[in-house]
Amino acid sequence: MSQDSRFTAWTRRDVLGMLGIGVAAAALPEWASAAPTFPKGAVIRTILKDHAPEALAGGATLFHEHMSFPPDFLPRWMKYAAETQAANRPSNAPPAGRGATPPTLAPAPSGPYFMQDLDVMSEELAIAKGEGISCIVDGGHPDMGRDLTFLRRLSMKSGMPIVAGAGFYTQPFYPKEIGAMSEGQVLEALIRQVESDPVGAFGEIGSWDDITKDERKVFRAVGKAHVATNLPIFTHTGIPGKSALEQLDILEDVGVDPKRVVIGHLGNLVDPNVQVHRAICRRGAFVGFDRQGGQGDAQQVPMVMALLEAGFADNLMFSSDFSAANQLKRNNKEMGYAKTLTVFVPKLKAAGASDEVLRQIMVDNPRRFLAFVPKIKRKA
Ligand SMILES: [Zn+2]
């Protein structure tokens, strides 16, 4: 693919070639020897069943997407974001847009909201499966209005393994009681989520702007809930880079191994020197480039390449934080749930990343992150 020609998303055949599945696999046996190993008894906990991590090696895993929101989630999100942006803007600043890839709102659809439409969503996930995705993590939880029954039906109908998240999101979305709850009570509430539902990760756990007192309390409780359950953690940073290092500090302070953490949305932190990104990688955590396959890619490709050059392939995690109807395959052929793999990864390949490294990031890193030895038995 030449870099100056108009970009075209990869086809299923291109992707499967990169992943080494099918014909190409036989020609590239060295990938098999580089396969990651997992702790004894480790599983990837999806809504329908616990998988051996090896069982999901046949395709890419997306560690941060959304497949179940109520219709009012994005409008609320955009409203709070606009308020935060207005409050943060210096009085002499020109009117500014949000950072990379704002979740644009499609025109009001007739019929059911797409994330509540089982037919639309299962068709989209079945397409993504065909394009090389073998597992998707949903970053929602109760305070975001995530519907676990819908996700369960979606997984059954589409055949896509789905990992459900647990936790509390960010200050504007917390249930009112959070402010009055002690850290121990938040911890108990988190453990109850893990005991009552087949969740496979704590995420997305966020700070909205500067991390607040309540958000610190939730981060500490999530860290302790990780220690009690072994579930991995992925985070949301609101304003690019803000509180990213503090999120990791808090989790480490309560005993979390950084290897079990993705600090998220750091593709939005545009910095050619990737300072914060490198600091996080050096501590052993993953850096999330998780709003991929859109307009922000151009700024993010050089940052990923800089991190690869610095030797941090083991610490990169890609996903798209799917949230809006205009990203559906049916509305845009070059989008869809697999766009991280069909749109972003080809740009990295064009920039010089090798198939082997790209496969490692898309197939191995998320499985290393998600695999855990359960301390609490799944409910169902
Ligand atoms: Zn998200």
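Select Pro-198 to begin: at 3% relative accessibility, this proline counts as buried. Buried means under 20% relative accessible area, with exposed over 50% and partly exposed in between, using a 1.4 Å probe and protein chains only. The model is predicted, so local features need pLDDT of at least 70 and side-chain atom pairs count only at pLDDT 80 or more, while totals for chains, interfaces and linings use all residues. Residues are numbered from 1 along each chain as its sequence is written, and side-chain values use heavy atoms, with hydrogens and water left out.

**Around Pro-198**

Stay on Pro-198. This residue is found in the loop between α7 (183-196) and β6 (199-207). Helices (H or I, at least four residues) and strands (E, at least two) are DSSP runs, numbered from the N terminus. Now add Gly-165. Pro-198 and Gly-165 are 33 residues apart in sequence, and their C-alpha atoms are 9.1 Å apart in space.

**Along β6 to the zinc ion**

Next, select Glu-204, in strand β6. Look at the bond before it: the peptide bond from Gly-203 to Glu-204 is cis, with omega near -5°.

Which residues are the protein donors of the zinc ion? They are His-64 (NE2), His-66 (NE2), Glu-204 (OE) and Asp-321 (OD), lying 2.0 to 2.2 Å from the ion. Donors are N, O and S atoms within 2.8 Å of the metal (3.2 Å for Na, K and Ca); water is not among the atoms, so sites may look incomplete. The 4 donor atoms subtend angles of 83 to 167° around the zinc ion, which makes the arrangement irregular. For four donors, tetrahedral requires all angles between 85 and 135 degrees; square planar, like octahedral for six, requires opposite donors over 155 degrees apart and all others between 65 and 115; anything else is irregular.

In sequence, the donor residues follow the spacing H-x1-H-x137-E-x116-D. His-66 lies in the loop between β3 (60-65) and α4 (73-88), and Asp-321 in the loop between β10 (316-318) and α12 (339-350), so this pair ties together parts that are 255 residues apart in sequence.

Select each of the two in turn. His-66 is buried, with a relative accessible area of 1%. Asp-321 is buried too, at 9%. Check the backbone of Asp-321: its phi is near 55°, a positive value in a residue other than glycine.

**Another positive phi**

Jump to Asn-230, in the loop between α8 (213-229) and β7 (233-237). Phi here is positive, about 75°, although Asn-230 is not a glycine. At 19% relative accessibility, Asn-230 counts as buried.

**Helix α13**

Select residues 355-370. This is α13, with 16 residues, reaching 22 Å from first C-alpha to last, close to the 22 Å expected at 1.5 Å a residue. The expected span is 1.5 Å times one less than the number of residues. Where does α13 bend? At Ile-361, by about 35°. That bend is the angle between axes fitted to the seven residues ending there and the seven starting there. The helix is mostly covered, with 12 of its 16 residues buried. Among them are Arg-359, Ile-361, Asp-364 and Phe-369.

**The nonpolar cores**

Finish inside. A nonpolar core is a set of buried Ala, Val, Leu, Ile, Met, Phe, Trp, Tyr and Cys residues joined through side-chain atoms within 4.5 Å. The largest has 100 residues, and Phe-114, Phe-202 and Tyr-337 have the most contacts inside it. Helix α11 (residues 297-309) gives this core its largest share, 6 residues. A second, separate core of 16 residues includes Ala-201, Phe-286, Met-317 and Phe-369.
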